[in-house]
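Okay, thanks for coming, everyone. I'd like to walk you through one fold today, sheet by sheet and then helix by helix. Have a look at the screen first.

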Amino acid sequence: MGIGIDLGGTAIKGGIVSDDGKIIQTLEYATIPESGYENILLTISRMINELRERSESVSEVGIGIPGVIDAHSQMILSCPNLGWKNKNFKSDLENKLSVKVNLINDATAAAMGEYAYGSGLGASSMIMLTLGTGIGGGIILNDQIISGTHGVASEIGHMIVGENFYDCACGKNGCLETFSSVTALKKYIDLQLQNGIPSNLAQYDMINGAIIFDEARNNDQLALEALDRMCRYLGLAISNLNDILDPDIFVIGGGLSAAGEFLLNKLIGSLQRFLTYKDLAQPQLVLASLGNDAGLIGAACLKNYH
Ligand SMILES: [Zn+2]
């Protein structure tokens, strides 16, 4: 039994998770970034106390944080969504509670959940890519979470894979998330529509991942081309990761993974093009299976991995 918390930009989700990775109870409060650090700290400590009243003998709590955590001191070095820098969140929270608090980057928490109880079950090395508004990543090698010396490892979304027509929010040009996230798809399609490329996508006031995949299934050429471009760069990034780390399995999660086999088949095709040792053992490429719960489950099982 463990308690996991997923601190997001709009909601704080907490849950009691059984030893076999099932969420038994959940709580959810709104995140109000303007309310300030102390108030969010209080909300989370109240949530943990409520969850502890409902669970037996939980002595550690794992929290997924949307930011950079120093691997050694566990200081939150940067958390842009909440406007936090250099916060000693772990000890500030432990001072309010009688439990040990473990922090983890939220994308890594999701990878941890998939590794321990989802699509990565049985693997010893796994890399997860979360395709949403941006691209998050999590790397687990030989049962160990890879956070890096400065807590900035696994930033797969900011791996440079080419030159692009717009810059990434991080300030660089050519980051994977400017080619293969939902935002990237939308920007590319907008550009092509402005260039006068005919497409059914022009009829929508606002497009999202589901609409793009639907139109691609209906054979809309622009939707298909945008997805091919997205998968080309994603395949390139995965082959780079495979050349360096050679994991058992790559897990694809996030909102775009809802496109299922349609996305997976395109991606497998793209990866085949870029793999170095095509005739030797190849990595498995699978879809994530825990959905939005992966981060909470991963945070709760963090106690087993340190
Ligand atoms: Zn970037």
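Let's start with a pair of strands: strand 6, residues 76–79, and strand 7 pair antiparallel over three bridges. By pairing I mean that DSSP finds at least two bridges between the two strands. Strands are DSSP runs of E with at least two residues, helices are runs of H or I with at least four, and both are numbered from the N terminus. Within this pair, Cys79 sits opposite Trp84 of strand 7. The two strands make a hairpin with four residues between them, and Gly83 in that turn has a positive phi of about 70°.

Before I go on, the caveats. This is a predicted model, where local features need pLDDT of at least 70 and side-chain atom pairs count only at pLDDT 80 or more, while totals for chains, interfaces and linings use all residues. Residue numbers run from 1 along each chain as its sequence is written.

Now, what sits on the other side of strand 6? Strand 5, joined to strand 6 by two bridges and running antiparallel. Val68 has Ser78 in strand 6 as its bridge partner. That's a hairpin as well, with six residues between the strands, and here Gln74 is the turn residue with a positive phi, about 65°. Put together, you get an open antiparallel sheet of three strands, in the order 5-6-7. Strand 5 (68–69) and strand 7 (84–87) are the edges, each with a single partner strand, so one side of each has no neighbour in the sheet.

On to the other sheet I want to show. This open sheet has five strands in the order 3-2-1-4-8, and its pairing is mixed. Here strand 3 and strand 8 (100–105) are at the edges with a single partner strand each, so again one side of each is left without a neighbour. On average, neighbouring strands are turned by 20° against each other, direction ignored; those angles are between axes, meaning lines fitted to C-alpha atoms (for helices, over the stretch in contact), and run from 0 to 180 degrees between N-to-C directions.

For the antiparallel part, take strand 2 (11–17) and strand 3 (23–30), which share seven bridges. Ala11 is bridged to Ala30 in strand 3. The hairpin between them has five residues, with Gly21 in the turn at a positive phi of about 80°. For the parallel part, strand 4 (60–65) and strand 8 pair over six bridges, with Val61 opposite Val101.

Helices next. Helix 1 (37–54) lies across strands 1 (2–7), 2, 3 and 4, at about 20° to strand 2. Helix 3 (106–117) lies across strands 1, 4 and 8, at about 100° to strand 8.

Then there's helix 6 (209–217) against helix 7 (221–245): their axes come within 7 Å and cross at roughly 115°. The residues in contact (C-beta atoms, placed from the backbone, within 7 Å) are Ile212, Glu215 and Ala216 from helix 6, and Ala223, Leu224, Ala226 and Leu227 from helix 7.

Last, the whole chain: nine helices and 13 strands, in a C-alpha box of roughly 60 × 45 × 35 Å along the principal axes. And that's my tour, thanks.

Key. Two residues are in contact if their C-beta atoms, placed from the backbone, lie within 7 Å.
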